[in-house]
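Let's take a walk through this model together. Keep the sequence and the 3D view side by side as you read.

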Amino acid sequence: MQIRQANQSDYPELRNVFLASRRQSFYWANQEGMALEDFDKQTADEYIILAEDDGRILGFSSLYLPDDFIHLLFVHPEVSGQGVGKELLSASIEKMNRPARLKCVSENHKALKFYEKNGWKKVVEEEKDGEKYWVMEY
């Protein structure tokens, strides 16, 4: 597995990973409201790294570097649980200063366990637009 910075030619596959992962994992969200274009909207002005194996994109992390903030970290459902997320998380942390932060939807119990297992600490639970999420710090 290789971790590298994403480029524009990776975007079609990154869009697919983002959509497939959200549809698989976000059971509480409106699936019909999810679209391929969401990737471009949600990653604008962010630094994107990806994990790939034999030319296939397995997952990505989108970072807002001015705030040392991991905005998105998604792994394709077909390779979930195989260490891709851990590699992306490590590479993300290396790119940022401390403390690094992220937000994780409170309903996403699997992701919360993943982050805690990898050394992240819950700081405060907040609510925005009716959705609760944890601010986490490393």
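**A walk through the fold**

A good place to start is Ser62, whose contacts beyond four places in sequence are Thr43, Glu46, Tyr47, Ile48, Phe69, Ile70, His71 and Leu72. Please keep in mind that this is a predicted model. Ser62 belongs to strand 3, which runs over residues 56-64. Is Ser62 buried or exposed? Its relative accessible area is 0%, so Ser62 is buried. Its side chain also has a polar partner: a contact of 2.3 Å links it to the side chain of Glu46. Glu46 thus appears twice here, as a residue touched by Ser62 and as its polar partner.

Strand 3 holds another residue worth a visit, Phe60. With a relative accessibility of 0%, Phe60 counts as buried because the cut-off for that class is under 20%. Which residues surround Phe60, once neighbours within four places in sequence are set aside? Phe60 is in contact with Leu14, Val17, Phe18, Phe39, Ile48, Ile49, Leu50, Leu72, Leu73, Phe74 and Leu88. Two of these names may look familiar, since Ile48 and Leu72 are also touched by Ser62. From the C-alpha atom of Phe60 you can also step to that of Val84, which is 24 residues away along the chain and 8.9 Å away in space.

Now zoom out to the whole chain. How many helices and strands does the protein chain have? There are 4 helices and 7 strands, and in sequence order they follow the pattern β-α-α-β-β-β-α-β-α-β-β. The radius of gyration is 14 Å, close to the 14 Å that the globule rule gives for 138 residues, so the chain is as compact as a globular protein of that length. Along its principal axes, the C-alpha trace spans about 40 × 35 × 30 Å.

Some totals fill in this picture. Of the 138 residues, 43% are buried. Taking contacts between residues at least 6 apart in sequence, 55% join residues at least 24 apart. The chain exposes about 7900 Å², and carbon and sulfur atoms supply 44% of that area. As for charge, there are 18 positive and 24 negative charges, and their mean positions are 4 Å apart.

Next, turn to helix 1, which covers residues 11-25 and contains Asn16. Asn16 is partly exposed, with a relative accessibility of 44%. Its C-alpha atom is separated by 6.6 Å from that of Leu36, although the two are 20 residues apart along the chain. Pro12 also lies in helix 1 and, at 47% relative accessibility, counts as partly exposed too. For a long step through the model, go from Pro12 to Gly81: they are 69 residues apart in sequence and 23 Å apart in space, C-alpha to C-alpha.

Helix 4, residues 109-117, is the home of Tyr115. At 8% relative accessibility, Tyr115 is buried. Leaving out neighbours within four places in sequence, its contacts are Leu73, Leu89, Leu102, Cys104, Trp120 and Met136. Leu73 is a name you have met before, as one of the contacts of Phe60. The C-alpha atoms of Tyr115 and Tyr138 are 23 residues apart along the chain and separated by 9.3 Å.

Finally, let's stop at some backbone details in the loops. Most residues other than glycine have a negative phi, and most peptide bonds are trans. Where does a cis peptide bond occur in this model? One joins Arg98 and Pro99, with omega at about -5°. Pro99 sits in the loop between helix 3 (84-95) and strand 5 (101-105).

Asp68 and Asp129 bring positive phi values into view. Asp68 has a phi near 50° and lies in the loop between strand 3 and strand 4 (69-75), which brings us back to the strand of Ser62. Asp129 also has a phi near 50°, and its place is the loop between strand 6 (121-128) and strand 7 (131-137). Which of the classes, buried or exposed, does each of these residues fall into? Asp68 counts as buried at 13% relative accessibility, whereas Asp129 counts as exposed at 79%.

Terms used:
Residues are numbered from 1 along each chain as its sequence is written. This is a predicted model: local features need pLDDT of at least 70, side-chain atom pairs count only at pLDDT 80 or more; totals for chains, interfaces and linings use all residues. Side-chain values use heavy atoms; hydrogens and water are left out. Helices (H or I, at least four residues) and strands (E, at least two) are DSSP runs, numbered from the N terminus. Buried means under 20% relative accessible area, exposed over 50%, partly exposed in between (1.4 Å probe, protein chains only). A polar contact is a pair of N or O atoms within 3.5 Å; within protein, one must be able to donate a hydrogen and the other to accept it, and residues adjacent in sequence count only if both atoms are side-chain atoms. Contact means heavy atoms within 4.5 Å. The radius of gyration is taken over C-alpha atoms; the globule rule is 2.2 Å times the number of residues to the power 0.38. Accessible areas come from the Shrake-Rupley method with a 1.4 Å probe; for residues, only the protein chains shown count as cover. Lys and Arg count as positive and Asp and Glu as negative; His and the chain ends are not counted. The place of a charge is taken as NZ of Lys, CZ of Arg, CG of Asp or CD of Glu.
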